[in-house]
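Work through the exercises below with the sequence and the model side by side. Try each task before reading its solution.

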Amino acid sequence: MIRNTAIPFACALWLAYSTVLPVMAQKPSKPAPPTPAEEFRAIEGKWQLRLAHEADANLTDRPDYKNSSLTISDKQLQWISADGKTLLSAACNWKHVGKPAWEVDLTPSSDTTDQTALPGIAVLYDKDILKISWRRLNLDKGRATNFLGNKEHTFLLLSRSPLAKPSGKASLLGQWQMLTALDDSLEKLGSGRSAAVAIFESDSFAWKDSPNDKGSKYAGGYALDLAAKPSRIKFNITFPPPGSGATPTPKDGLVPGIFEFLDDDTVRLCYRESGWKNTDPPESRRYPEGYYSDGDINLWILRRAKP
């Protein structure tokens, strides 16, 4: 007897395709976000100081704090100067809360029995960037919900990598990841992870919430004076329209600033947004005298965007 094998073969072929095609049609799934335990493993260990801001002042350039480092575990935070002196030793308690990613309570080591926890927040901003801020005065006001380096708070920006020596040939041109943008010692990038970038072209700049954003938070032109010490930048703000906003720029849009390459891929930039009369001519507007943020001065720290 001759059997017809075409029908069983066709059925098998149909079953095979019906099983494979839905799998082929599925889009690649996004990797699952790290668990709190996995993320904390990325927080533990040694960090290099990029910025320490407290009481509207930058501690980073002071001799004891320059090139200092921090080592973090689930129970302890140690802040050590470049010559091995302890700047801060504190017991710590970490709690994952989503946004901001972590609450952290620091209890500084003390010889007294009155040991009070300082309430703070932290976020792993990038795999190799960590932000921490804690309240150090008026503890009855409780935990802040954003990063602050004002009269009542300490703010730290930390990096896994030490800075390289600047070559002296670095340029502002290109796209920069905004690591921090302090305005009145308040982190304008918010308490979570940010995709904000600053883009410098030959004669214009823009601050965008993300690289693909069509609009800009701030935009305008700029001019450099590399012969000055420190190097100077003068912004010509065109957006938001000069003279408008909660803290308006002068009506002519001209804002004086300074900048310094910490290495070829890291730059800090400070500019004065207020502190003069609208009738003052542009040449009388004082440049910042250091890299800090207060009621009149804003501070950015930028890292060259990865290709």
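The exercises cover backbone angles, aromatic rings and one helix.

This is a predicted model, in which local features need pLDDT of at least 70 and side-chain atom pairs count only at pLDDT 80 or more, while totals for chains, interfaces and linings use all residues. Residues are numbered from 1 along each chain as its sequence is written, and side-chain values use heavy atoms, with hydrogens and water left out.

**Exercise 1. Cis peptide bonds**

Find where Pro-230 and Pro-240 lie, and state the form of the peptide bond from Lys-229 to Pro-230 and of the one from Phe-239 to Pro-240.

Solution.
- Step 1: Most peptide bonds are trans.
- Step 2: The bond from Lys-229 to Pro-230 is cis, with omega near -5°. Pro-230 sits in the loop between β14 (218-225) and β15 (231-239). Strands are DSSP runs of E with at least two residues, helices are runs of H or I with at least four, and both are numbered from the N terminus.
- Step 3: The bond from Phe-239 to Pro-240 is cis, with omega near -5°. Pro-240 belongs to the loop between β15 and β16 (254-263).

**Exercise 2. Positive phi**

Describe the phi and the surroundings of Asn-138 and Ser-185.

Solution.
- Step 1: Most residues other than glycine have a negative phi.
- Step 2: Asn-138 has a positive phi, near 50°, and is part of the loop between β8 (129-135) and β9 (153-159). Its relative accessible area of 39% makes it partly exposed. Buried means under 20% relative accessible area and exposed over 50%, with partly exposed in between (1.4 Å probe, protein chains only).
- Step 3: Ser-185 has a positive phi, near 65°, in the loop between β10 (174-183) and β11 (186-187). Its relative accessibility is 0%, so Ser-185 counts as buried.

**Exercise 3. Aromatic rings**

Which parts of the chain does the pair of Phe-205 and Phe-235 tie together?

Solution.
- Step 1: The structure holds 15 aromatic pairs. Rings of Phe, Tyr and Trp (its six-membered ring) pair if their centres lie within 6.5 Å; planes under 30 degrees apart are stacked, over 60 edge-to-face and the rest tilted.
- Step 2: One of the pairs is Phe-205 with Phe-235, tilted, at 4.7 Å centre to centre and 55° between the planes.
- Step 3: Phe-205 is in strand β13 (residues 204-208) and Phe-235 in strand β15, so the pair ties together parts that are 30 residues apart in sequence. Phe-205 is buried at 5% relative accessible area, and Phe-235 is buried at 2%.
- Step 4: Phe-235 also forms a tilted pair with Trp-300, at 6.3 Å centre to centre and 50° between the planes. This pair links strand β15 to strand β18 (residues 297-304), with the two residues 65 apart.
- Step 5: Phe-205, Phe-235 and Trp-300 are among the members of one aromatic cluster, which also includes Phe-200 and Trp-207.

**Exercise 4. The buried face of a helix**

Why do the buried residues of α2 line one face of the helix?

Solution.
- Step 1: In helix α2 (residues 36-43), the buried residues are Glu-39, Phe-40 and Ile-43.
- Step 2: Seen down the axis of α2, these residues fall within an arc of 100°, so they line one face. The arc is that of the directions from the helix axis to the C-beta atoms.
- Step 3: The buried residues of α2 pack against several strands, including β1 (45-54), β3 (69-72) and β8. Contact means heavy atoms within 4.5 Å.
- Step 4: Gly-45 follows α2 and has a positive phi, near 110°.
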